[in-house]
Structure formats: structure tokens, C-alpha cells
Amino acid sequence: MAFALSSMHVTSSAFLNHQSIPTKHTGEGEDVSPALTWEGVPEGTKGFAVICHDPDAPLVKEGSYGFVHWVLYNLPGDIQELAEKTPLGTTGVNDKGSNGYCGPMPPEGHGNHLYYFWVLALDHQTSLPEGLTLQELLNEVEPHLLGMNRLVGTYQRG
């Protein structure tokens, strides 16, 4: 299956779709991941992965654009939510060079950026090693993708 939107619906108790991400979840605040919830999971889902990506960031790296803020995988297929600052799953490397969540912090004066919190439904439970990049994760899960959708948040530094 190609990377296309499915009927899954992703929400957060921290912010609404296309609304501002609270400072708490940014690099200017506590830098903790927001709570996420999803519904409408495709039949046969056995695992999930979560990605946060800022396509507005002025960065091109290894042929990709934007800034990767979060790569999380090895999530079980029987959950449909992640708590704030979730301990679940295995963390991959973000574009800051560390594992785990790295909240929004666009360059000052760069305007409003969009942050895509993607949830990927997979046909099997993964057991991938810690520290994968976004591209490495996508290479592993693409053949097992049943569906995906996203919640979009915004953030702008003063």
C-alpha cells in the first residue's frame, strides 16, 4: 500500500487540528510529547508507529526536507492512545540528533510552521532496534502499512 491517508482519525487533548501547539510541548517549554488518540483503525492492525515532522523547516538532509521531531515505533496494536510524555514504544533519532521527542522550535521570525503528527497502522507488531531514522523506519514499515492519518498542529516563535 502506498503512503495515503486512511479513515483513521487522530486527535489530541492538548490542541485541535490546525491549532497552536501549547508551549509545554515545544522546545521553549517542557519539551514533552503531547497526548494522542486515534480511532477508525484498519482491520488487521497489529502495531503502530508515530512520527512528528515539520515540512516548513529550512533543512534538507539526505534528500529529505523539513525537520523530524519524533520517531516512535514498536507500539502494540491494541492501543489507541498515547499519554503525554509517553513511556511506550521504542524511540528513533530526531533531526536534533537525539532519541525521543524534540518539540517545535522554528527559527525566530520564520513564521508559523505546521507540525504533522502521523499515526501509522501496521499489519504486524514490529520489534525494531532503538535509534532508527525516519527513513530507516519508513523502509521497514512501508510493506506493512494498512493505513495512516495525521493531526496537524502549528507553532510560531515570538
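The radius of gyration is taken over C-alpha atoms, and the globule rule is 2.2 Å times the number of residues to the power 0.38. With 158 residues, a compact globule would have a radius of gyration near 15 Å; the protein has 15 Å, so the two agree. Along its principal axes the C-alpha trace spans about 45 × 35 × 25 Å.

This is a predicted model: local features need pLDDT of at least 70, side-chain atom pairs count only at pLDDT 80 or more, and totals for chains, interfaces and linings use all residues. Residues are numbered from 1 along each chain as its sequence is written, and side-chain values use heavy atoms, with hydrogens and water left out.

**Elements and sheets**

The protein has one helix and eleven strands. Helices (H or I, at least four residues) and strands (E, at least two) are DSSP runs, numbered from the N terminus. The order from the N terminus is β-β-β-β-β-β-β-β-β-β-α-β.

Two strands pair if DSSP finds at least two bridges between them. The sheets compare as follows.

| Strand order | Pairing | Edge strands |
|---|---|---|
| E2-E11-E10-E4-E7-E9 | mixed | E2 (19-20) and E9 (90-91) |
| E1-E3-E8 | antiparallel | E1 (9-11) and E8 (81-82) |

Both sheets are open. In the six-strand sheet, E2 and E9 each have a single partner strand, so one side of each is left without a neighbour in the sheet. Within that sheet, E4 and E7 run antiparallel and are joined by seven bridges. Ile51 stands opposite Val71 in E7. In the three-strand sheet, two bridges join E3 to E8. Leu36 has Leu82 of E8 as its bridge partner.

**Cores**

Of the 158 residues, 46% count as buried. Buried means under 20% relative accessible area, exposed over 50%, and partly exposed in between (1.4 Å probe, protein chains only). In soluble globular proteins, nonpolar side chains tend to be buried together.

A nonpolar core is a set of buried Ala, Val, Leu, Ile, Met, Phe, Trp, Tyr and Cys residues joined through side-chain atoms within 4.5 Å. The largest one has 21 residues. Trp38, Phe48, Val50, Trp70, Leu82 and Phe117 have the most contacts inside it. Strands E3 (36-39), E4 (47-54), E7 (67-76), E10 (113-122) and E11 (145-155) each give two or more residues to this core. E10 gives the most, with four residues. A second, separate core of 18 residues includes Val71, Leu120, Leu128 and Leu138.

Contact means heavy atoms within 4.5 Å. Leaving aside neighbours within four places in sequence, Leu82 is in contact with Ala35, Leu36, Trp38, Val50, Trp70, Leu72, Leu75 and Leu88. Among contacts between residues at least 6 apart in sequence, 75% join residues at least 24 apart.

**Helix H1**

H1 covers residues 134-141, and its buried residues are Leu134, Leu137, Leu138 and Val141. Seen down the axis of H1, these fall within an arc of 95 degrees, so they line one face of the helix. The arc is that of the directions from the helix axis to the C-beta atoms. What covers them includes E4, E7, E10 and E11.

**His69**

His69 lies in strand E7. His69 is buried, with a relative accessible area of 4%. The side chain of His69 reaches the backbone oxygen of Cys102 at 2.6 Å. Beyond four places in sequence, the contacts of His69 include Cys52, Asp54, Asn94, Gly100, Tyr101 and Tyr115.

Methods: A polar contact is a pair of N or O atoms within 3.5 Å; within protein, one must be able to donate a hydrogen and the other to accept it, and residues adjacent in sequence count only if both atoms are side-chain atoms.
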